[in-house]
Amino acid sequence: MTSLRRFLLTLFPPPRKPVTWRAGISLAVFAVLFAGTVIGLELSHTLLFSRPAAFGLSIFAGWLWWLHVAGYAGLPAVRGEVALWTRLLLFALMVMVLAEPRAVRTRDVVSTMYLVDVSDSIRHDSVDAATKYVIDSVEKKPKNDEAGLLIFGKTPAVELPPRVSFPYEARNSQVSGGATNIEQALSLAAAMLPDDNQSKLVVISDGVQTEGNLSRVLDDLKSRGISVDVLPVDYSYDKEVWLERLDLPQQVKLGETYEAAMVLSSLNEGQGKLTLRENGQTIAEQNIKYQPGKNRYTVPLALRSAGYYEYTATIEVDRTEDSLPQNNTVLGYIFVEGEGKVLLVTDPAGKVDDWQPLVKTLEEAERSVEVISAFDFPSETPALMPYDAIIFCNVPYDAFGIDQLNGLKEAVYNVGVGFMMIGGKNSFGAGGWHRTVVEEILPVTMDISNKKVLPKGALAIILHTCEFADGNTWAKRISKQAIKVLSAQDEVGMLAYDFQNGEDWLFELTPAGEYEKLVPLIEGAQIGDMPSFQSTMEMGLAGLKKSDAATKHMIIISDGDPSPPTPMLMQDFVDAKISVSTVAVYPHGGVEQQSLQTIANITGGRYYFVNENPEVLPAIFIKESKTLKRSMVQNKTIAPQLGFPSPVMKGITGVPKLHGYVLTNAKPAPAMTILNAPPEAEDPGQQDPILVVWQHGLGKTAAFTSDLSPNWAADWQSWEHYQAFVKQLITDISRVRKQGSLRLSSYTNGGEAVIVVEDFHSEEQFLEVNAKLNGPGGKSESVRLKQVAPRRYQANVPLWGHGRYHVSSTGKGGDRDETAFGGFIVPYSPEYLRFRSNRQTLSDIASRTGGRVLSGTVAEDTQSKAERVPKRTSRPIFDWFLMALAILLPLDVAVRRIQLDWSAIWQTLTWRKRAPTTATMGTLLDRKAQVQSALQARKEERPMPPPKPTTSTSKPRPQWPKPEAAAKPPEAPPPTPGGAMSTTERLLKLKKQREDEPKE
């Protein structure tokens, strides 16, 4: 108990003077003010405190108050009161800091994102009406509210982010309409809404969702307080005819007769003409009558030769009996395996000498050769299955479409078709193949940053593409394609006119190797209507001049509407040797075309005109970008050296000279370099590859960086081993055909693909069967097949769009490892099988998020708006309170430790002078003695507590003599002979006397 009492006395020492109720007024006032301030800040939504439990520490304010009123501050009354309130304020701030204060911001602004469905199931007139509704609604919004626009189909795209102004003129984004994914659209739109504002979404759709799951995103929107209003697009087709599928035999033999079955469905009875085409040629045509529901029609097929056969079935009916013509065509194909051939692909603009000698040599080597132009190259993998090897002979990248090259990649990797690229001025990096799918399958890379002989190039692109349909979408697409063509060390920059920032760089000259960093900048660009070429061309010229690139070029794509640059600026481009190529897209008239053409002519660039087909724009930009790549072509004579031993060089000990090649870099192992260029004198460790091969998936690919024509390989035409070299090279990369026991069939069932593999091996055994389904958009799905019957394996895979699907399967078991191939075509989007809207889905969206079902009348929907609720957000302001504490802490110390002489301050402020003092040092010493006597008397009136007993080992403290209570001041020393002593002398003498006194 004694210890507890001692502890309590330590915390709350007894007062040195009586404490009355008046002393508690300060504490009561502080408590009322503190509580009122905190509650007032919370109720007025000025501040909120994340940890209100911290205010329980306020009880310690009573302890601070007790130490003060108990007399332990030792300060006069007024000064003590100031010190008390300073410390209480400091304590209050500390408690508020521990409660984690946050500043509350209240904004009465509503941000609305309009989501317009542009999928294939929505008619164009409905999309136009939805767009008009959005524009009319935005016009009636309050001045400070924000509005944005998003369109969606299979994928969403943001046309305009939420902003006060709404500068919408035409749709610029391009999305796939092959499906409807409302979930993705809601997620992206919600991400665009600012957290500081009240948020709302408005969905204009038919409610027919073919992809995605709405449940998850609706719960998220509700938790964020984002309501979704819906405007249904109603339609119902009571007359519709469509072809469901085309059934073709999965396995065929030459000379036998088969059937093609066409399944037609209709909502009503009617009549029409049914046509079946084989590889584009009509093989059957008949007038039919159909009934409501499903109708089946068959046509006999007789296949007389091996190859790839594609069939197209079409139903033609009266337009009044059919609402959606898009679902009136179905496709399918049959592949009949036969003798493998070599497919040689040529440049449509090339010379016959580039490939004719090679074709002659292959035919002499008893290989079947088919020559086609790059424009005729198939875009689907099954069409390439009849070929054992494919050769690109000096063909540029811009001669192909992306679907064609994706089909080639699948044929090599999954089917095992061989592939070789032969060099020339339009091949490899010089032909724009850098960063393409073909570069992925080749054993060389076009990135030659370590080649000292290759100078760097710089390209500036100016975009003004907003005034034609999907202009900005095309601008972003072609810009990315142009950058891909450049080498990693080449520099590229883009300029455009932005709605907010005016003419400016989207990004300044940057190495093209940073492509991944540049893509988000391109996608996020808001390209506007540029008023003049002057500013952007000046900025582009300045940037190009700063670059240390050896080759510099500029590309402008525009309708020619901006004001032309001054002649002085054109002369600056000429003096700097920077060419400018221009692309006129949908120009308004002759003046605009003339302006762009003049820019190109003066600066030494090229002029292009595009008015109806924007599809050619990527090819134009790629062609222009390739102007920086010509330095890759090495026009010099070399004697190739043998490298890695290979069957290609069987019986060959040396090769003739070559008179040129294209610079590349061989990829690391397993790529094998068979022929090398001799090393350079300045860099003996660097050898350029001439012939490189490697295995890529199931196929083998080769890169011959020189050519096999009379151009660079003139000495090879008369070489005795030329035919043997070509034959052995083609044989090495060609597909090896194996007779397997697996048969694959695939077909569609609703929204799924059904893959069936059957085993016809002589011995029955369990196999582990896996399949890979490749389809539209470069997407692929891998699945393991389950055994559903003896020797039969099956799997179902969800489809993700319309287009061509290719299936490759592998079966492993024991010593067997076999492959089988197949595929199918989904002819049209599932959107074209929806004949009525789905209001129920939209109603569910509105009810689950607290939204409304709109009427479609702007005036009515605007009047019935729900009451606005200001949005409150908070942010931490911990640092501001810390600054206040940092200011109050030294103030608290100053109040308690610093004594101010107010009279002296007053005299200083009023410019008053003190009277001269006559006090001497002796007088001051007398005064000091009097003060000491008074202090001693006060101590005797209040005796100190008795000292604690000490142990025998402790040393006693020295006892100093106590001065007498009525000590007299020391007498002044006698005057020294010879005159009066100075004050300093008297002080020194007094000091000496005290030092000489004996110590007790």
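**Salt bridges, a mixed sheet and a nonpolar surface patch**

Arg245 counts as partly exposed because its relative accessibility is 37%. This residue belongs to a predicted model, in which Glu244, Arg245, Asp247 and Lys294 are linked in a network of salt bridges. The structure holds 23 salt bridges, and the points below take up some of these pairs before turning to an open sheet of 6 strands and to a nonpolar patch on the surface.

**Salt bridges**

- Within the network that joins Glu244, Arg245, Asp247 and Lys294, the side chains of Arg245 and Asp247 meet in a salt bridge with an N to O distance of 3.2 Å; Asp247 has 27% relative accessibility and therefore counts as partly exposed.
- Lys409 forms a salt bridge with Glu440, and their closest N and O atoms are 2.9 Å apart. This pair links distant parts of the chain, with Lys409 in helix 9 (residues 402-415) and Glu440 in helix 10 (residues 437-441), 31 residues apart.
- Lys409 counts as partly exposed because its relative accessibility is 25%, and Glu440, at 41% relative accessibility, also counts as partly exposed.
- The side chains of Arg816 and Glu818 meet in a salt bridge at 3.3 Å, N to O. Arg816 has 8% relative accessibility and so counts as buried, while Glu818 is buried with a relative accessible area of 14%; the cut-off for buried is under 20% relative accessible area.

**The open sheet and its helices**

- The 6 strands of the open sheet follow the order 22-21-20-23-24-25, and their pairing is mixed. Strand 22 (502-511) and strand 25 (607-610) are the edge strands, each of which pairs on one side only, and the twist from one strand to the next averages 15 degrees.
- Strand 20 (residues 457-463) pairs with strand 21 (residues 491-498) in the parallel sense over 6 bridges, and Leu459 stands opposite Val492 in strand 21.
- Helix 12 (residues 515-523) lies across strand 21 and strand 22, and runs at about 165 degrees to strand 22.
- Helix 13 (residues 533-546) lies across strand 20, strand 21, strand 22 and strand 23 (551-558), and runs at about 160 degrees to strand 23.

**The nonpolar surface patch**

- Ile898, Leu900, Trp902, Ile905 and Leu909 form a nonpolar patch on the surface, and together they have about 530 Å² of accessible area.
- Among these patch residues, Leu900 is found in the loop between helix 20 (878-897) and helix 21 (902-909), and Leu900 counts as partly exposed because its relative accessibility is 40%.

Technical notes. Residues are numbered from 1 along each chain as its sequence is written. This is a predicted model: local features need pLDDT of at least 70, side-chain atom pairs count only at pLDDT 80 or more; totals for chains, interfaces and linings use all residues. Side-chain values use heavy atoms; hydrogens and water are left out. Patches are made of residues with over 30% relative accessible area and no salt bridge: like charges are joined within 9 Å, nonpolar side chains (Val, Leu, Ile, Met, Phe, Trp, Tyr) within 5 Å. Accessible areas come from the Shrake-Rupley method with a 1.4 Å probe; for residues, only the protein chains shown count as cover. A salt bridge is a side-chain nitrogen of Lys or Arg within 4 Å of a carboxyl oxygen of Asp or Glu. Helices (H or I, at least four residues) and strands (E, at least two) are DSSP runs, numbered from the N terminus. Buried means under 20% relative accessible area, exposed over 50%, partly exposed in between (1.4 Å probe, protein chains only). Two strands pair if DSSP finds at least two bridges between them. Axes are lines fitted to C-alpha atoms, for helices over the stretch in contact, and angles run from 0 to 180 degrees between N-to-C directions. Contact means heavy atoms within 4.5 Å.
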